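Trainee: Could you take me on a close look at the part where the two chains meet, and then at the sheet behind it? I would enjoy one connected walk through it.

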Amino acid sequence: MASPHYPDGTVRALLQTDLVTEATRAALLPRLDTSVHPPQFFDEATYQLLRAVAARIYPQPERPEPIELAPVVDKRLAQGDSDGWRYDAMPPDREAYRLGLGGINQAAQALFQRPFVQLPEPEQDQIIAAVANGTAPGENWQHLPIDRFFEELLAELTEDYYSHPLAQEEIGYVGMADVSGWHHLEPNQLEAREPEAAK
Amino acid sequence: MPDEEVLEEGVLNPVKPEIQDPLLKSILAENAGLLAEAPVELEQPAPLPDPVDEVDCVVIGTGAGGAPLLARLAMAGLKVVALEAGPRRDPTRDYATDEKAQHFLFWNDERLSAGRNPVAFGNNNSGTGVGGSTLHYTAYTPRAHRGDLRLFTDFGKGVDWPFGVEELEPYYEELEHFLGISGPTPYPWDAKRRTGYPLVPLPLNGAALLMQKACADLGIRTSPAANAALSARYYQEGIGWREACTNRGFCQAGCNRGAKASMDVTFLPLAEAHGAEIRAEAYVTEIERDARGRVTAVVYTQHGEQKRQRCRHLFLCAGAVETPRLLLLNELALTSGQVGKNFMAHPGMQVWGTFEEDIRPYKGIPGGLISEDTHRPPDADFAGGYLLQSIGVMPVTFASQMARKRKLWGQPLRDYMRSYNHTAGINILGDCLPHDNNFLELAEEKDVRGLPKPRVHFTAQENEQRMNAHAEKLMRQIWEAAGARDIWAFERYAHTIGTARMGLSGDDAVVNAEGRAFDVPNLYICDNSVFPSALSVNPALTIMALSLRTADKFLAAQQRLDR
């Protein structure tokens, strides 16, 4: 299917208007900063590995500056934040990331004799697919349920990606323009601040 | 002998009786010497200040279980203090229309989810802050049906409640009026109600309209649902005007204008107007008792400081995970062996589809439309039943659930999410039977406070699985009739229920039919943990009804004692 896309700049422009409450603006504006900070939790090599993995799960070839997800994960793990629950079969989050990212590198070594970050994208994708299918080789998977690790990694990267205002623009979400509420709720009834997908 | 009391108090007796016994005399002298020589022990923790101000009632938790009874007790003239683990916030100033920024609404202390269907906590069902989980509830407020409370009588499975729905009806009526619930009158699945809803239903959004039309084609009755959000400006007794809902669609991450009837804009201001004190960021760790087993005080941590509040009665209203956790940690009310047992979670299966129409699932009250034709489906191969509802959804929640279920990644993931605006969902809320394998326990692993984390085991049993299969088939039919493509189902379980059940006997229940612990005469429990069965409707309204009833039963018992 031809994916719809929404006009660039919609959300950036909206955030400057009085259609957005101060609380919402204060939450979203800092997230537009996509610069990569030095890691606080991961060591440099593991951090670059996570960046490379995130870039295959959320490839963004069209963006001059991709939305960086590894810094968000790094910050959470450094702070020890939780979303309130964890699969009992999984070790604590920091240990799960250490084991899981290590397992991804073990799979890369086993299948292509090189660390993940040195592989071309098609080979990286094969590794991700093997983790997603639960077939990736590697000693670490003896200690970590591979299916749950992939689910948790995917869910966290997904929440971080779609929390970004530009990713919300990509899917045509403008709920952040929250001052006036919505008056046209019926299908196909849009309001002025709701972007129409380009054909 | 009137002097005896004075002597027993030990403070008003000015005479130091001389010790006659020579042996006792020498022992006392020795001890006195030891005490004088003993070094000052700096290592010893300073004893907690023990304020003499004993209050009538301490209420732990300010959600749907704690807030209504707090107001009721305060209005009866009692001195009441509520302890809330989370902070107090100002929704108009602090609430962003952003899912990530609203993370603070959820109980984010890590819980361990075990079993074959591990239950998600946090934003799925567990809140914190002054107002508890009502800060993030969808405001969906159907009443329980008569049959929901007598599952065992009707099916020979599960358990009956110790009373019938007629006990709850006066409270449902009171709540619908007080909170300003918007809903259909007459109610299609309960036409003989004594009272109607005070406000007309909220407008239907895209998902609700699609479901309405498809159900009509299939011969399934639907109606705009009862929601505790105001379809018009509403004057609430004791509080003042609350503004109407603007269809912002963000109920599950906090209403920023007080249109949704969360406890922080309804019962809690009412309670405070009548003298109740609410202490926020007060995390309870200990419940103290005297030799007779009566609760005497609660110990809590607030802003890094440990404090004690003495009380004559304790109301534990911390939800079906933290309530049994506190009981287990304090070895309180455990003789029935039922604390932590019978954990139930509502089957909440969702079915999603992609439509030609531009839906914009972020607009409008999320649960706009309901059908209760499936309350007792004629072709059911399971006990109990479920309700159907249309659902709106915010992008991050939707993306996260979709990723967990469909495991898309790379370009297909981004491509799928670009159809977000054309996505609409239906879900069920179904009954759940208690089962031995589903329970809460304390884990070895500790939280940041050094207390054991709760571990919750949940596996959907045959009854839930059959209900899910029945519901998935029906919801797929509805969405096919509505013209959806790429239909997929997400099996999930919502709400936390049943871990300190109510019953007729202390042999198989933790609290009696009035909500009082069988073991502890001045301990009441009121939240979803006391539900004997899960009900086939969302729990919030029934928790609030139980809360008012618990307060009334308590007050009546006090009057009997006073006479």
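Mentor: Happy to. Two strands count as paired if DSSP finds at least two bridges between them. Keep in mind that this is a predicted model. Strand 1 of chain A, residues 85-87, and strand 3 of chain B run parallel and are joined by 3 bridges. Within that pairing, Arg86(A) faces Leu112(B) of strand 3 of chain B.

Now to the contact as a whole: chain B brings 58 residues and chain A brings 46 residues. On the chain B side, strand 3 (111-114) is one of the elements that supply at least two residues each, along with helix 4 (91-94), helix 7 (206-218), helix 10 (395-406) and helix 11 (411-417). Helix 10 of chain B gives the most, with 6 residues. By character, this side of chain B holds 24 nonpolar, 15 polar and 19 charged residues.

Helix 7 of chain B leads us on to the sheet, since we meet it there again: this helix lies across strand 13 (369-371), strand 14 (386-391) and strand 15 of chain B, at about 70 degrees to strand 15. The sheet is open, with 6 strands of chain B paired antiparallel in the order 4-13-14-15-12-18. Strand 4 (223-224) and strand 18 (485-490) of chain B are at the edges with a single partner strand each, so one side of each has no neighbour in the sheet.

Further in, strand 12 (residues 350-354) and strand 15 (residues 423-430) of chain B run antiparallel, joined by 5 bridges. There, Trp352(B) has Gly425(B) in strand 15 as its bridge partner. Helix 12 of chain B (residues 462-481) also packs on the sheet, touching strands 12, 14, 15 and 18 of chain B, and its direction makes about 150 degrees with that of strand 15.

How values were computed
Residues numbered from 1 in each chain as written. Chains lettered and ligands numbered in written order. Predicted model: local features only at pLDDT ≥ 70, side-chain atom pairs only at ≥ 80, totals over all residues. Contact = placed C-beta atoms within 7 Å. Helix = DSSP H or I, 4+ residues; strand = E, 2+ residues; numbered from the N terminus. Nonpolar A, V, L, I, M, F, W, Y, C, P; charged D, E, K, R; others polar. Axes fitted to C-alpha atoms, helices over the stretch in contact; angles between N-to-C directions.
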